[in-house]
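Open the model in your viewer and keep the selection tool handy. We'll go stop by stop, picking something and looking at what is there.

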Amino acid sequence: MTKKQLPLDELSGAIGRILGLLLTEEKVDHAVQNLSQAIKESVPGSSGAGVSILDAQARRSSTGFTDSIVEQADHLQYELGQGPCLTAWASEETVLIRDVHTDNRWPEWSAAVSKLPIRSVVSAPLLANGHSIGAIKVYAPEPAVFDAATAGLMELFASPAATLLSHIQSAETPQRISAGLQAALYSRDVVNRACGVLMERHKITHERALQQLILTSRQKNQSLQDVSVELVAGIPADRN
């Protein structure tokens with residue numbers, strides 16, 4: 001399959017349009033909805049897009065999506081505690097799925113969305129002020145629609161968008177990014193060390209270890225950082 005890439009002038013125009021939409025917004029919910037639509041229209045091959053702002057327990061505080069398929073796929077991630085969006089948020093790295101049906105990193109989520117028209121996925125973290133505040137994602141109904149260039153494009157959109165979303169969020173509800181919340185957000189280093197403990201203990205992959213930490217964080221209603229600190233300190237934080 002030949003993948004169409006945006007010419008440089010179109011890419012600049014797309015980024016400018018996205019930033020223009022966000023600069024005029026005063027509400028987070030409106031901003032994430034507009035951003036979702038703009039990303040769908042700007043990423044070649046995309047059939048749907050979504051944006052999620054997450055709190056320290058990987059719970060959505062604001063979300064936007066272009067259609068019900070994206071909404072269903074995202075809901076299943078948060079319900080199951082696993083999936084590309086949560087991994088992108090927690091690892092602060094872009095996730096590329098070439099085919100949902102053959103990718104085994106999130107078995108429960110992949111099985112749950114197997115009947116949906118979703119085969120290709122890219123999810124990029126929204127990084128602002130040194131913290132991951134959420135993720136953006138695009139879906140396509142056929143395999144191998146997205147590649148590394150698509151991932152790079154999503155990162156180009158995510159970087160300035162995260163900064164502006166953080167500003168909107170701060171102005172709308174200052175407590176969301178208060179010192180207390182910033183302190184609760186995890187340190188990437190301690191999360192990676194906790195993943196290493198689980199990988200060694202259970203002989204599992206980094207992705208699976210991260211999924212366990214996210215699930216434990218949600219179950220205990222603690223931040224990912226706090227769960228990781230407890231595990232590294234020797235307090236059991238992994239699931240049986």
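Start by selecting Glu92, which sits in the loop between helix 4 (84-91) and strand 3. Bear in mind as you look that this is a predicted model. Check the backbone here: Glu92 has a phi near 60 degrees, a positive value in a residue other than glycine. Is Glu92 buried or exposed? With a relative accessible area of 16%, Glu92 is buried, because the cut-off for that is under 20%.

Now step back along the chain and select helix 4, since Glu92 with its positive phi comes just after helix 4. How many residues of helix 4 are buried? The count is 8 of its 8 residues, so helix 4 is mostly covered. Click through them if you like: Pro84, Cys85, Leu86, Thr87, Ala88, Trp89, Ala90 and Ser91 are the buried ones.

On the other side of that loop, pick strand 3 (residues 95-97) and colour by confidence. Among the elements of the chain, strand 3 has the highest mean pLDDT, at 98.

Next, select Ile118. You'll find Ile118 in the loop between helix 5 (107-112) and strand 4 (120-128). Its relative accessibility is 0%, so Ile118 counts as buried. What does Ile118 touch, leaving aside residues up to four places away in sequence? Show the side chains of Ile69, Ala73, Val100, His101, Tyr139, Ala140 and Pro141, and you have its contacts. Try the distance tool on one of these partners, Ala140: Ile118 and Ala140 are 22 residues apart in sequence, yet 5.6 Å apart in space, C-alpha to C-alpha.

Move on to residues 174-186 and keep the confidence colours on. Across this stretch pLDDT stays under 50, and the model has 28 contacts for it beyond four places in sequence. Helix 7 (residues 179-184) has the lowest mean pLDDT among the elements of the chain, at 40.

Carry on to Lys203, in the loop between helix 8 (188-202) and helix 9. Here is another positive phi: Lys203 has one of about 55 degrees although it is not a glycine. Is Lys203 buried or exposed? At 64% relative accessibility, Lys203 counts as exposed.

Now select helix 9 (residues 206-220) together with helix 10 (residues 224-232). At what angle do helix 9 and helix 10 pack? Turn the view until you can see both axes: the angle is about 110 degrees, and the axes lie 9 Å apart. That makes helix 9 roughly perpendicular to helix 10, because angles of 65 to 115 degrees fall in that class. By class, the contact has 5 nonpolar, 3 polar and 2 charged residues. To see who is involved, show Leu213, Ile214, Thr216, Ser217 and Lys220 from helix 9, which meet Leu224, Val227, Ser228, Glu230 and Leu231 from helix 10.

Last stop: zoom out and select the whole chain. It has 10 helices and 5 strands, and buried residues make up 49% of its 240 residues. Turn on the surface and you are looking at about 10500 Å² of exposed area, with carbon and sulfur atoms supplying 52% of it. Among contacts between residues at least 6 apart in sequence, 63% join residues at least 24 apart. As for confidence, the chain averages a pLDDT of 82, and 82% of the residues score at least 70.

Key
Residues are numbered from 1 along each chain as its sequence is written. This is a predicted model: local features need pLDDT of at least 70, side-chain atom pairs count only at pLDDT 80 or more; totals for chains, interfaces and linings use all residues. Side-chain values use heavy atoms; hydrogens and water are left out. pLDDT is the predictor's confidence in each residue, from 0 to 100. Helices (H or I, at least four residues) and strands (E, at least two) are DSSP runs, numbered from the N terminus. Contact means heavy atoms within 4.5 Å. Axes are lines fitted to C-alpha atoms, for helices over the stretch in contact, and angles run from 0 to 180 degrees between N-to-C directions. Angles under 35 degrees count as roughly parallel, over 145 as roughly antiparallel, 65 to 115 as roughly perpendicular and the rest as oblique. Ala, Val, Leu, Ile, Met, Phe, Trp, Tyr, Cys and Pro count as nonpolar, Asp, Glu, Lys and Arg as charged, and the others, Gly among them, as polar. Buried means under 20% relative accessible area, exposed over 50%, partly exposed in between (1.4 Å probe, protein chains only). Accessible areas come from the Shrake-Rupley method with a 1.4 Å probe; for residues, only the protein chains shown count as cover.
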